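Thanks, everyone. I would like to take you through one structure this morning, beginning with the ligand and its surroundings and then turning to a pair of helices.

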Amino acid sequence: MAASPSATTSADTLAGPVPRYDAIVIGAGISGLYQLHRLRRLGLTVRVFETGTGVGGTWYWNRYPGARFDSESYSYGYSFSKELLEEWDWTEHFSPQPETERYLNHVADKFDLRRDIQFGARVVAATWQEAPREWDIELADGSHHRARFLITAIGPLSAPQMPRLAGIDSFKGPSFHTARWPKEPVDFTGKRVAVIGTGATGVQTIQEVAKTCGSLTIFQRTPNWCAPLHNGKIDAAEMRAIKDGYPAMFAHCRETFSCFLHTTDPRATFEVSDAEREAFYEKLYGERGFGIWVGNFRDMLTDPKANAAISDFVARKIRQRVKDQTVAEKLIPRNHGFGTRRVPLETKYYEVYNQPNVTLVDIKETPIEAITATGLRTSAADFAFDMIVYATGFDAITGSFDRIDIRGVDGQRLKDTWTGGPQTYLGVQVEDFPNMMMLMGPHTALGNIPRSIEYNVDWVTGLIGHMRDHGLTRVEATAEGVATWTEHVRKVGAGLLSNEVNSWFTGINSNIDGKQTRVIARYSGSAPEYRATCDAVAAGGYRELMLG
Ligand code: NA7
């Protein structure tokens, strides 16, 4: 299956032959790096195109102040290499972005990955060519590259989205979207800073900026339910113990619902006494990480009354932590229950609102009318700022696909295929898009993402290896396979409260036309079930796919 760089076809240009590879991977984040490694081991020629100038994907772009894991560092690293596990020391339970970026650079160096990665290379189009059975990839610089397989490693949260606001380009000071943060340090000392957006990113940014800024004004449209992160340093002895426990820890992550360390409690909320329930909530609130979200009572995200009970608990915590009760009430979500959107984890986030130099503006009450040269204007007042931070999130899950002109059989556009919501087979393939495999595409299990990525990559590698071993050059999902999987994803997600709420989980983005209707964008069943389904397909020789 090795490429034949010297062969010329009608695709070649006057400028010379179009480079050919067995596989092209878009993105050098956690999934792209591992996919490159696996395919190279299979003997394939691989080219990775990466828009950034370095590896890391999410952890390359999101260098905003306070950016860090909300999953335990040691559960978030790659598990495929014992040597890598042994040599890498995490310094905090929840690694800050610079450390994670260093880790991914270390991985790229260790496995000599850079020589197959082209940096500063933005893919603008991908077009299926039926006769040669290959994908033609066009970069922003106009160059073309071809490969039998196209693997998208473009991430579910990688297309930053600015808000739709009048005058957005008129502000004279520095302004940044959190996912396009500059590499040079940004000094907030004494500055009047605005932050727009209070999702997981906004919460991390706010608690960091508040430490040094002159004043901070937070523009909140929807409050989110936040819970304490309880980060801490990892000393040498603890790291040794973590390393010794890796096999058991990864085995455990394989068994949990969404690959986190935390396990759903088998009890239902009202099976226990009021006192027991309160004590359990208190315990979870005092523990590290996502336990309060994914290790809570089993009915918390399906039974509205159970959900109301935990929401009430967290609301009481907010009232205790925020001194001004008018502000506290504004910080308590009213339109969704605890855990039905992504729970931002925080370190003294609520206490930020007790600082005299911090102001919360509820923009549902007083909407932003325009960004101005000197700040912004709401329906109630004009604000002057030195800096504006947009923590307004992403065109999630399908956005990174929409931003590439992907065309399959007969020029069919992926964006059109997915009007009304994504349709996939196992979240990996799409009908009419042969030889295109998606890593962390729509309809896959997200959860603790690197755990899902490793499985996803291994499965795709298995499929490509199978094709190579059997002399097959084309693979496509069937219409029936796509319909069945898409319906399965819908059914599994039915009854889950988070699928009844507007958020990026449900494909909603107020800043993008056509993304105002909820769709089932992600697989919300358990990761073990997802893997069992995919494993069965592989064990059966991929009969559910059209192979030729
Ligand atoms: P999120 O979770 O999508 O949050 C974006 C925030 O920005 C949220 O508070 C939005 O309010 C707010 N937003 C978006 N557009 C506007 C406009 N036009 N005006 C005012 N406020 C706006 O993105 P994050 O980056 O925080 O997190 C995404 C994921 O990345 C996160 O879940 C982690 O898994 C990592 P809204 O709620 O829409 O009213």
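When I call a residue near the ligand, I mean that one of its heavy atoms lies within 4 Å of it. Please keep in mind throughout that this is a predicted model. There are 19 residues around the ligand, and those that come nearest are Thr198, Thr201, Arg221, Thr222 and Trp504. By character, this shell divides into eight nonpolar, eight polar and three charged residues.

Looking at individual atom pairs, the side chain of Thr201 places an N or O atom 2.6 Å from an oxygen atom of the ligand, while Arg342 has a polar side-chain atom 3.1 Å from a ligand oxygen. For Asn511, the partner is a nitrogen atom of the ligand, which lies 2.9 Å from a polar atom of the side chain. Of the 780 Å² that the ligand exposes when taken alone, the protein buries 84%.

Now to the helices. Helix 16, residues 449–469, packs against helix 18, residues 527–539, at an angle of about 10 degrees and with the axes 11 Å apart; angles under 35 degrees count as roughly parallel, and therefore that is how we describe helix 16 and helix 18. Helix 16 contributes Tyr455, Asn456 and Trp459 to the contact, and helix 18 contributes residues including Tyr530, Arg531 and Asp535. The residues of this contact comprise six nonpolar, one polar and two charged.

Technical notes. Residues are numbered from 1 along each chain as its sequence is written. This is a predicted model: local features need pLDDT of at least 70, side-chain atom pairs count only at pLDDT 80 or more; totals for chains, interfaces and linings use all residues. Side-chain values use heavy atoms; hydrogens and water are left out. A polar contact is a pair of N or O atoms within 3.5 Å; within protein, one must be able to donate a hydrogen and the other to accept it, and residues adjacent in sequence count only if both atoms are side-chain atoms. Accessible areas come from the Shrake-Rupley method with a 1.4 Å probe; for residues, only the protein chains shown count as cover. Ala, Val, Leu, Ile, Met, Phe, Trp, Tyr, Cys and Pro count as nonpolar, Asp, Glu, Lys and Arg as charged, and the others, Gly among them, as polar. Axes are lines fitted to C-alpha atoms, for helices over the stretch in contact, and angles run from 0 to 180 degrees between N-to-C directions. Helices (H or I, at least four residues) and strands (E, at least two) are DSSP runs, numbered from the N terminus. Angles under 35 degrees count as roughly parallel, over 145 as roughly antiparallel, 65 to 115 as roughly perpendicular and the rest as oblique. Contact means heavy atoms within 4.5 Å.
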